[in-house]
Amino acid sequence: MSALAASGGTWDADGPGVLALPSGRLIRGRALRRPLPAGGSPVPAYAVYLLGGQPPPVPWEAHWLRWPDFRLPADRAQARAVLTEAWRRAADERVEIACYGGRGRTGTALACVAVLDGVPPREAVAYVRRHYDRHAAETPWQRAYVRRFGTPG
């Protein structure tokens with residue numbers, strides 16, 4: 001069985017919080033403080049949770065990336081690896097990126113994924129603000145992190 005068949009496909013492009021990347025990959029951003037979308041919405045096949053403390057267990061594959069609120073990831077090399085994996089898997093799986101509020105850390109991570117997808121680093125936050133949430137990447141240091149994300153190392 002292919003990964004696409006095993007995961008049940010990707011997100012509905014019009015679903016809540018779904019960001020369409022230029023490549024056509026779909027990735028969902030979400031606020032963990034809110035419940036999952038109602039109405040039998042599919043669950044992620046893979047999720048990245050951006051929190052200062054360990055998230056509660058979920059019945060799908062998930063990766064916790066230590067990332068305190070209003071700050072940057074504790075381990076930037078790990079963040080690059082995890083976000084690259086999320087981008088790779090979004091080609092044929094339902095991938096979710098979420099923090100407690102769904103804006104600052106989630107928006108920053110989505111902008112980094114957009115950079116991986118080919119959006120120029122200086123344009124990535126604006127792209128995510130247009131297509132996901134107008135408040136994405138809330139702090140100046142989160143926006144600077146996205147601009148630097150385009151340069152490995």
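The lining of the largest pocket has seven nonpolar, five polar and nine charged residues. This is a predicted model, in which local features need pLDDT of at least 70, side-chain atom pairs count only at pLDDT 80 or more, and totals for chains, interfaces and linings use all residues. Residues are numbered from 1 along each chain as its sequence is written, and side-chain values use heavy atoms, without hydrogens and water.

**Pocket**

- The volume of the largest pocket is about 350 Å³.
- A pocket is an open set of points on a 1 Å grid where a 1.4 Å probe fits, with protein on both sides within 12 Å along at least five of seven lines; lining residues have an atom within 4 Å of a point.
- Of the 21 lining residues, Arg30, Ala31, Arg34, Gly101 and Gly102 lie nearest the pocket centre.
- β2 (26-31) and α3 each supply at least two lining residues, and β2 gives the most, with four.

**Nonpolar cores**

- The largest nonpolar core (buried Ala, Val, Leu, Ile, Met, Phe, Trp, Tyr and Cys residues joined through side-chain atoms within 4.5 Å; buried means under 20% relative accessible area with a 1.4 Å probe, protein chains only) has 35 residues.
- Two or more residues of this core come from each of β3 (46-51), α2 (76-89), β5 (95-99), α3 (104-116), α4 (121-131) and α5 (140-149).
- α3 provides the largest share, seven residues.
- A second, separate core has five residues, among them Ala47, Tyr49, Leu51 and Ala98.

**Leu19**

- Leu19 is among the residues with the most contacts inside the largest core.
- Beyond four places in sequence, Leu19 is in contact (heavy atoms within 4.5 Å) with residues including Ile27, Leu110 and Val128.

Definitions and conventions: Buried < 20%, exposed > 50% of the residue type's maximum accessible area, 1.4 Å probe, protein only. Points joined across faces, edges and corners; volume = space filled by probe spheres on them. Nonpolar A, V, L, I, M, F, W, Y, C, P; charged D, E, K, R; others polar.
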